[in-house]
Amino acid sequence: MISFDEAIALLSGAVAPLGSETVHLTEAAGRFLSGDLSARSDAPRRDVSAMDGYAVAIDKVENGAPLRVAGESRAGMPFDGSIGDGEAVRIFTGSALPEGADCVIMQEYATREGELVRFTEGHGPARHIRFAGSDFSEGDRLLAKGARLTPPAMVSAAAADRTTLDVGKRPKVAIIATGDELVAPGKAHDSTDTMPETASHGVAALCRAMNAEVVASAHGRDTLGELEELAAEALAAADCVVVIGGASVGDHDLARPMFAAHEMELVFSRIAIKPGKPVWLGKVGKKTVLGLPGNPTSAMVTARLFLRPLLAAMQGGSVKGELRFAPLPLAAPVEATGPRETFLRAEMTEEGLVPVSNQQSGAQHPLARSDRLIRRPAGSNAASAGDLVSTIDF
Ligand SMILES: Nc1nc2c(c(=O)[nH]1)N[C@H]1C(S)=C(S)[C@@H](COP(=O)(O)OP(=O)(O)OC[C@H]3O[C@@H](n4cnc5c(N)ncnc54)[C@H](O)[C@@H]3O)O[C@H]1N2
Ligand code: MOO
């Protein structure tokens, strides 16, 4: 068995970006940039006010003494002229600072009487000016190649002042769930020998959250002929095939044999992690085939740790970017780990990070509230509340 880090290194080496396409800014959210995004101009373009108030030359202001309001500077409609001795200009947030002004006094400190304005004490030393280029300058790189256009990043992208963006193509994914006992949700309650096929629904949701187009989601019985047909169809339709179940060593575990006719090259199989030991990755030409263990928790943990980075890399994102582990203090104790590196399911509660009580890899109910994984090295001692552990979003 290889380690998690070794498997991730092999995965990184096995996946290439699918290429890029140009999309309108309004269609770009969530996508991965295919090139650096640089600013077309400075922001702000010129010195502007950060507050509603009065633009003044601060050295000429005496508290209580009146100034004449010479005009108004509104956003998009600057004051035409410069501030003279004994003058102020009414100004609004985001409006151009008039020539001669070096400070904005907030209107809360102003008393206006017709054409005159007086300032009270307490406006403080703040100038309330956003200087030209203080956010960014023309040519600055606002987002790097491979960056994901998250909701906050969309603001930076729009600030670059471009109508279209080059982003990684959306991967096409085909999902094949295997197992004689599985039936579509809604059809399982009639027999004690059947159970709902659940894992593909989590995997498909993850794919869509990663911009992938789920072109097929099929269920195959554990017969080689049927699975071989599904494998051929999936490979013809998709860039990435995800097989769920049949990954282990039993007589009915056919997830890898079903691709034998396509001369699949195995990138890795069996990793020293818990859950998810049977996860495997193969390549058929340029297409990737990822085998997830059938246990639903194992399937979702391995989808998070392997499928998400894989889909990012296919779009020009980085594998590492999807695997940013960060330390958090535990709010409840955890047991010692066994000989495999362990990824515990946990929930961020108001108290902090709490591992869910049922850590079985076949469990489904705890997935409803698990939002982080705790990564613990093989052979770790038990840990207590307050101890730092490595975590990642789930
Ligand atoms: N002798 C050994 N047995 C097992 C080993 C091993 O090393 N030696 N590994 C165990 C581990 S770890 C895992 S994980 C499981 C996973 O094996 P498979 O990928 O072959 O999964 P299945 O046997 O097909 O199914 C396991 C379990 O999950 C249910 N399942 C499967 N697919 C779905 C689905 N799409 N939706 C919901 N539930 C699903 C299935 O009914 C089984 O209960 O193997 C251990 N065994
Ligand atoms: O490695 Mo398995 O995924 O523990 O049940």
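Helices here are DSSP runs of H or I with at least four residues, strands are DSSP runs of E with at least two, and both are numbered from the N terminus. With that settled, here's a tour of what is a predicted model.

## How the chain is divided

The domain assignment splits the chain into four pieces. Domain 1 is built from two stretches, 4–18 and 169–322, and domain 2 likewise from 20–43 and 135–168. Domain 3 covers 48–130, while domain 4 runs over 326–393. If you measure between C-alpha centres, domain 2 and domain 3 are 36 Å apart.

## Helix H4 and its two faces

Helix H4 takes in residues 224–237, 14 in total. At 1.5 Å a residue H4 should span 20 Å, and its end C-alpha atoms are indeed 20 Å apart, so the two figures agree.

Which residues of H4 are buried? They are Leu227, Leu230, Ala231 and Ala234. Because these four cover an arc of only 105° around the axis, they sit on the same side of H4. What do they pack against? Their partners are three strands: S13 (172–178), S16 (213–220) and S17 (240–244). Turn to the face pointing away from the buried side and you'll find Gly225 and Ala236, both exposed.

## The two ligand sites

Ligand 1 has 26 residues around it, and the ones that come nearest are Gly245, Ala247, Ser248, Pro293 and Gly294. Helix H3 (199–209) and helix H5 (296–314) are the elements that each give two or more residues to this shell. By class, the shell around ligand 1 breaks down into 11 nonpolar, 11 polar and four charged residues.

Around ligand 2 you'll see Lys274, Pro275, Gly276, Lys277, Pro293, Asn295, Ser298 and Ser361. That shell has two nonpolar, four polar and two charged residues. Pro293 is worth a look, as it is among the nearest residues to ligand 1 and also belongs to the residues around ligand 2.

## Two cis peptide bonds

Where do the cis prolines sit? One cis bond links Ala43 to Pro44, with omega about -15°. Pro44 is in the loop between strand S2 (37–38) and strand S3 (48–49).

The other cis bond links Lys274 to Pro275, with omega about -5°. Pro275 is found in the loop between strand S19 (273–274) and strand S20 (280–284), and both Lys274 and Pro275 are among the residues around ligand 2.

## Positive phi without glycine

Asn211 isn't a glycine, yet its phi is positive, near 75°. It is in the loop between H3 and S16. Is Asn211 buried or exposed? It has 22 C-beta neighbours inside 10 Å, so it counts as buried.

Glu263 is another non-glycine with a positive phi, in this case about 50°. Its loop runs between S17 and strand S18 (265–269). Glu263 has 9 other C-beta atoms within 10 Å, so this one is exposed.

## Gly316, in a loop but buried

Gly316 belongs to the loop between H5 and strand S22 (326–329). With 24 other C-beta atoms within 10 Å of Gly316, where 20 or more are needed, it is buried.

What does Gly316 touch, leaving aside residues up to four places away in sequence? The contacts are Pro17, Ser20, Phe32, Ser34, Gly146 and Gly168. As for Leu165, it is 151 residues from Gly316 in sequence, with a C-alpha to C-alpha separation of 14 Å.

How values were computed: Residues numbered from 1 in each chain as written. Chains lettered and ligands numbered in written order. Predicted model: local features only at pLDDT ≥ 70, side-chain atom pairs only at ≥ 80, totals over all residues. Near = placed C-beta within 6 Å. Nonpolar A, V, L, I, M, F, W, Y, C, P; charged D, E, K, R; others polar. Domains from an automatic or database assignment. Expected span 1.5 Å × (residues − 1). Buried ≥ 20, exposed ≤ 12 C-beta atoms within 10 Å, placed from the backbone. Arc of directions from axis to C-beta. Contact = placed C-beta atoms within 7 Å.
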